[in-house]
Amino acid sequence: MKHPYAENANLVKWGTHTLGMDEWAAYKCYESAADAARLRNEDMAEHSKHPDILTFSYPAPWPDSDDDHAAALLQSMAAG
């Protein structure tokens, strides 16, 4: 689904942050990050062994440098 602000949103580097696990994953654009966060949340909801622990994923601007974002993207492409 095309988000109405996706074009402007892509002025920054994007990732997903998984609260509770404090994990970051890099994505090429806002739409990819939002889709990945939604899928991760669906998976965690379905397979959670601890439903009382707050854990969810959301799209967010990448917190580190552009070089770190590029390295994380390359690592995720190599892994998957």
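Arg40 and Glu23 form a salt bridge, with their closest N and O atoms 3.2 Å apart. The pair ties together distant parts of the chain. Arg40 sits in helix H2, Glu23 in strand S2 (residues 23-27), and 17 residues separate them in sequence. The model is predicted. Arg40 is partly exposed, with a relative accessible area of 29%. Glu23 is partly exposed too, at 37%. Neither partner counts as buried, because that class is reserved for residues under 20% relative accessible area.

Glu23 also gives a reference point for distances in the fold. Take Val12, which lies 11 residues from Glu23 along the chain. The C-alpha atoms of Glu23 and Val12 are separated by 19 Å.

How many salt bridges does the count give? It comes to two. Besides the Arg40 pair, there is a bridge in which the side chains of Arg38 and Glu42 meet, at 3.4 Å from N to O. Here the setting is a single element, helix H2. Arg38 and Glu42 are four residues apart in that helix, so about one helical turn separates them. Arg38 is partly exposed, with a relative accessible area of 41%. Glu42 falls in the partly exposed class as well, at 43%.

Now step back to the whole chain. The protein has three helices and three strands. Read along the sequence, they follow the pattern α-β-β-α-β-α. The C-alpha trace spans about 35 × 30 × 20 Å along its principal axes. The protein has 80 residues, and 25% of them count as buried.

Early in the chain, Asn10 is placed in the loop between helix H1 (6-9) and strand S1. Asn10 counts as partly exposed, at 34% relative accessibility. Compare its position with that of Asn41. In sequence, Asn10 and Asn41 are 31 residues apart. In space, their C-alpha atoms are 22 Å apart.

Asn41 leads on to the largest pocket, since a residue counts as lining when it has an atom within 4 Å of a pocket point. The largest pocket has a volume of about 220 Å³. Which residues line this pocket? They are Met21, Asn41, Met44, Ala45, Ser48, Lys49, His50, Pro51, Ile53, Thr55 and Phe56. Helix H2 (residues 30-47) gives the largest share of the lining, three residues. Sorted by class, the lining has six nonpolar, four polar and one charged residues. Helix H2 therefore appears in several parts of this account, since Arg38 and Glu42 both lie in it. Arg40, the partner of Glu23, is in helix H2 as well.

Phe56 links the pocket to the surface. It is one of the pocket-lining residues, and together with Leu19 and Leu54 it makes a nonpolar surface patch of about 260 Å². Leu19 lies in strand S1 (residues 14-19). What is the exposure class of Leu19? Leu19 is partly exposed, with a relative accessible area of 31%. That value matters for the patch, because patch residues need over 30% relative accessible area. Leu19 clears the cut-off with its 31%.

How values were computed. Residues numbered from 1 in each chain as written. Predicted model: local features only at pLDDT ≥ 70, side-chain atom pairs only at ≥ 80, totals over all residues. Heavy atoms only, no water. 1 Å grid on protein atoms, 1.4 Å probe; cavity = no way out; pocket = protein on both sides within 12 Å on 5 of 7 lines; lining within 4 Å. Points joined across faces, edges and corners; volume = space filled by probe spheres on them. Helix = DSSP H or I, 4+ residues; strand = E, 2+ residues; numbered from the N terminus. Nonpolar A, V, L, I, M, F, W, Y, C, P; charged D, E, K, R; others polar. Patch = residues over 30% accessible without salt bridge, like charges linked within 9 Å, V, L, I, M, F, W, Y side chains within 5 Å. Areas by Shrake-Rupley, 256 points an atom, 1.4 Å probe, with all protein chains shown as cover. Salt bridge = Lys/Arg side-chain N within 4 Å of Asp/Glu carboxyl O. Buried < 20%, exposed > 50% of the residue type's maximum accessible area, 1.4 Å probe, protein only.
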